[in-house]
Amino acid sequence: MFDRSIKIAPSILSADFANFGAEIRAIEAQGADWVHVDVMDGHFVPNLTFGPPAVKAFRPHVKTFMDVHLMISPVDAYIEAYAEAGADMITAHIEAGPHIHRTLQAIKAQGVKAGVVLNPATPAESVEHILDLCDMVLIMTVNPGFGGQKFIHSGIEKTRKVRAMIGDRPIHIQIDGGITPETAPLVVEAGADVLVAGSAVFKGGSVDAPEVYGANIRAIREAAEGARKAA
């Protein structure tokens, strides 16, 4: 069942790379709703991260929902591999191939949920004619490629525009980039319901001190839910 409750999706790009299984189990035990996996190719974005075998290795540890964000180009050729690796949702950037409509169809054909990603300079209107193929619109509030960047505030108005276009359709709006207890309320008030956070969740904690992850997740959630109630 679709629900628009606030979901916190920690990005494991900020986790301890030598201990992914334990890190995933720790964030879920501490209240993570989704696990966000940032896939980068060193070409579409200036970083290199997780191939399908890595995602397949993460899958047994993920008991919630594995959200796989493909920052790769070309993207279509790899959709089947990431679906088979265990992604529950695959998101692709509008600029990652020549035909985003075809890309979304290819994701759906694998039996997984499909999302489209808007970079900071990509206009909200770009998704108007593909929303009926989407389970989620991901709005980047940093330039993709690295964690720990500062929040780009133009994403707030973009979120508002996308939310208006979605109307009552069962489509999530996810925000990725610079999410903290200070910025989360800004995007939730504009219509977002899924919040990706890397540094803000993992800072100060470890698998030996997972309660810090829990405190960080709760701080983001409470700020976000407070903004929704106020609205």
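# A guided tour from Leu-131 to the annotated site

Begin by selecting Leu-131, which counts as buried because its relative accessibility is 2%, under the 20% cut-off. The model on the screen is a predicted one, and in it Leu-131 sits in the loop that runs between strand 5 (113-118) and strand 6 (136-140). Show its surroundings next: beyond the residues up to four places away in sequence, Leu-131 touches Val-137, Met-165, Ile-166, Arg-169 and Ile-171. Of these, Ile-166 is worth labelling, since the C-alpha atoms of Leu-131 and Ile-166 are 7.2 Å apart although 35 residues separate the two in sequence.

**The nonpolar cores**

Now select Val-37, which together with Leu-195 has the most contacts inside the largest nonpolar core, a set of 67 residues. With its neighbours within four places in sequence set aside, Val-37 is in contact with Ile-12, Phe-50, Val-55, Phe-58, Met-66, Asp-67, Val-68 and His-69. A separate, second core is made of seven residues, among them Phe-65, Met-89, Met-136 and Val-196.

**The annotated positions**

Select His-36, Asp-38, His-69 and Asp-176 together, the positions at which an unreviewed UniProt entry places the feature "binding site". They span 141 residues in sequence, but no two of their C-alpha atoms lie more than 10.3 Å apart, so these residues gather at one spot. For "active site", UniProt (unreviewed entry) lists Asp-38 and Asp-176.

Take the two histidines in turn. His-36 belongs to strand 2 (residues 35-40) and is buried, with a relative accessible area of 0%. Its side chain makes a polar contact of 2.5 Å with the side chain of Asp-67, and the residues in contact with His-36, apart from those within four places in sequence, include Pro-10, His-69, Gln-174 and Asp-176. His-69, in strand 3 (residues 66-71), is likewise buried at 0% relative accessible area. Among the residues that His-69 touches, not counting those up to four places away in sequence, are His-36, Thr-91, His-93, Val-117 and Asp-176, while a polar contact of 3.3 Å joins the side chains of His-69 and Asp-38.

Move on to the two aspartates. Asp-38 is placed in strand 2 and counts as buried at 5% relative accessibility; its side chain also makes a polar contact with that of Ser-11, at 2.6 Å. Asp-176 is found in strand 7 (residues 172-176), where it counts as buried at 10% relative accessibility. The side chain of Asp-176 makes a polar contact with the side chain of His-36 at 3.3 Å, and, leaving out residues up to four places away in sequence, Asp-176 touches several others, including Asp-38, His-69, Leu-138, Met-140 and Val-196.

**The largest pocket**

Which residues lie nearest the centre of the largest pocket? Select Gly-147, Gly-148, Gly-177, Gly-178 and Gly-198, which hold that position among the 26 residues that line the pocket. The space in this pocket comes to about 330 Å³. Colouring by secondary structure will help here, for strand 2, strand 8 (194-197) and helix 7 (199-202) each supply at least two residues of the lining. To end the tour, return to the "binding site" positions, of which Asp-38 and Asp-176 are included in the lining of the largest pocket.

How values were computed
Residues numbered from 1 in each chain as written. Predicted model: local features only at pLDDT ≥ 70, side-chain atom pairs only at ≥ 80, totals over all residues. Heavy atoms only, no water. Core = buried A, V, L, I, M, F, W, Y, C linked by side-chain atoms within 4.5 Å. Buried < 20%, exposed > 50% of the residue type's maximum accessible area, 1.4 Å probe, protein only. Contact = heavy atoms within 4.5 Å. UniProt positions renumbered as here; feature names shortened; annotations may be inferred. 1 Å grid on protein atoms, 1.4 Å probe; cavity = no way out; pocket = protein on both sides within 12 Å on 5 of 7 lines; lining within 4 Å. Helix = DSSP H or I, 4+ residues; strand = E, 2+ residues; numbered from the N terminus. Polar contact = N/O pair within 3.5 Å; in protein donor to acceptor, adjacent residues only side chain to side chain. Points joined across faces, edges and corners; volume = space filled by probe spheres on them.
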